[in-house]
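Here is a small set of exercises to work through with the model open in your viewer. Try each task before you read its solution.

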Amino acid sequence: MSTALRYPAVRRLDAIDHQPSEPRLLVTPGVDVGRPIRTGVINNPLSFRNRQRHILPQVLDVLRAHPWVAHHEVNRPEDIAEATHELLDSGCELIVVNGGDGTVQAVLTGLFGSSPLETLPLLAVLPAGTTNMVAADIGAMMQPIPALQRLLDTARDGHLRGTAVERPIMRAEIAPNTAVFSLFFGTGAIYHGIRFCRHYVATLGLRGEVGPGVALAVFLAKIALGQGGSMFPPLHLSGRVDGKPLQAGAYRGVLVSTVSRQFLGLRPFWGREPAPLKYTAMRYAPQHLWRAAPAVMRGKPNRFVRPEFGYTSHNANELELHLDCGFTLDGELFTPRAGTPVRLHSGYTASFLHQQDA
C-alpha cells in the first residue's frame, strides 16, 4: 500500500521562492549556554526498532528521569509534523527524533512546510527505523538508549557534545499545494525494490540494510538474465532538469538525493555541476551492465558508464518529473497524482548532531 498524501497543505512556493536567508541555528554543540538547553523528543512507537527491540519503554524510562523535556509520542506523518510545530512554538533548541527515515522526513516537513524560519533547532536522530539512512549519513550514535541519556544529561548542563552536520534538504512537491521535505527520492526499480523488501524479504527476518541488499542482488540478477520485466517493469519518464528537457523514454530507475551516501554505503552519483540535488538515472535496457554496475554504485564512472550506454548523473537545483510509477521519499511510498508532475527543489538546510558512540 502506498502512503496517502496526509501531510498538512503548505503555502505553494515557486521554484525560486526559497527561504530568503540562511536560518540561524539556535544552539551549537561545544558552546556552553549557561542554562539547560530547551529540548523536545519525538517518539514514533511504530518505527521498526521501537516495535521489535522494546527500545521505546527504555526511552520512556530515560524521559521520566528528565521531566523538564517536552515529549510527543506520535506516528502519523501529519501528527509528527504538528508535534514539530508545537516544539518550535515552545522555543525548543534541540529536537531529538526517535524514529526512522520516514519520521525524520515528517519532522523536516514540520520545520520547513509553512513559513520561512529565522532560526532552526538542532536535530538529533536516534536510529529506530529499519535502514536508518539519515542516521548513518550524519554519523548519529547507533546505540539509542545511551545516546539519549548522554544527550539529555548534556542538554541539562547546557553544553552539548559533538559537532553540527549540515545537510541540504529537498522540497518535493508531490501534489498541488502539498510538499514533503526529504533527503532521498527514488522511483522505478527503487520503488519496486522497497515493495519487494516489505512483502517478501521482511518475512525471512532480514533486517536493517540486509533486506535492501538482497533486493539489489535480485534486481541485478533479474536484469542480467532478462527476467526483470514483471518484478521491475519499465518506468516511463519525461521532464526537465534545471529547465532542460531530460531524455524521455523507458527507464529502470531514477534516484535523487541531497547526500552522497545511500544504503549499504553506495554512492551512485558522479555529476560535477555545483548544485545540491544529486540525480542518477538508468535507462531500461542499459548496456554493459556487469561492467558498469560496480562503477555506478561507487560513483566513479569507467568507460562503460556513459549516457549513450544508458547511465546518466547530474547535479541540479530543481527537477520536474512526469512519472507512471510510484515513488519513495525516505523509504515512504507514494502514488503520483494523474497529470501532476513531481517537482524537486533545493534551497533548504538542516543541522544534525553528530556524536560518536562511547
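**Exercise 1. Charges over rings**

Task: In this predicted model, find which ring face Arg-283 lies over, and how far from the ring centre. Then do the same for Arg-252.

Solution: Start with Arg-283, which sits over the face of Tyr-251 at 4.7 Å from the ring centre. Next, go to Arg-252: the ring beneath is that of Tyr-284, and the distance to the ring centre is 3.8 Å. Both distances pass the test for a charge over a ring, because the cut-off is 6 Å from the ring centre.

**Exercise 2. An aromatic cluster**

Task: Classify the ring pair of Phe-112 and Phe-181, then that of Phe-181 and Tyr-348.

Solution: A pair of aromatic rings is described by two quantities, the distance of the centres and the angle of the planes.

- Step 1. Searching the whole structure gives five aromatic pairs.
- Step 2. For Phe-112 and Phe-181, the centres are 5.8 Å apart and the planes make 35°, a tilted pair. Phe-112 belongs to helix α4 (residues 101-112) and Phe-181 to strand β8 (residues 178-182), so this pair ties together parts 69 residues apart in sequence.
- Step 3. For Phe-181 and Tyr-348, the centres are 5.1 Å apart with the planes at 80°, so this pair is edge-to-face. Tyr-348 lies in strand β18 (residues 342-354), so the pair with Phe-181 in β8 ties together parts 167 residues apart in sequence.
- Step 4. Put together, ring pairs link Phe-112, Phe-181 and Tyr-348 into a cluster.
- Step 5. Now check burial. Phe-112 is buried. Phe-181 counts as buried because its relative accessibility is 1%, and Tyr-348 does so at 4%.

**Exercise 3. The second largest pocket**

Task: How much space lies in the second largest pocket, and which elements give two or more residues to its lining?

Solution: The volume comes to about 290 Å³. Of the 16 lining residues, Val-241, Pro-245, Leu-246, Thr-312 and His-314 are the closest to the centre of this pocket. The elements you are after are β11 (244-245), β13 (277-283) and β14 (311-316). Sorted by class, the lining has seven nonpolar, five polar and four charged residues.

**Exercise 4. A helix and its end**

Task: Which residues of helix α9 are buried, and what follows α9?

Solution: Within α9 (residues 289-298), the buried residues are Leu-289, Ala-292, Ala-293, Ala-295 and Val-296. After the helix comes Gly-299, with a positive phi near 70°.

Definitions and conventions: Residues numbered from 1 in each chain as written. Predicted model: local features only at pLDDT ≥ 70, side-chain atom pairs only at ≥ 80, totals over all residues. Heavy atoms only, no water. Buried < 20%, exposed > 50% of the residue type's maximum accessible area, 1.4 Å probe, protein only. Helix = DSSP H or I, 4+ residues; strand = E, 2+ residues; numbered from the N terminus. 1 Å grid on protein atoms, 1.4 Å probe; cavity = no way out; pocket = protein on both sides within 12 Å on 5 of 7 lines; lining within 4 Å. Points joined across faces, edges and corners; volume = space filled by probe spheres on them. Nonpolar A, V, L, I, M, F, W, Y, C, P; charged D, E, K, R; others polar. Phe/Tyr/Trp six-rings, centres within 6.5 Å; stacked < 30°, edge-to-face > 60°. Lys NZ or Arg CZ within 6 Å of the ring centre and 35° of its normal.
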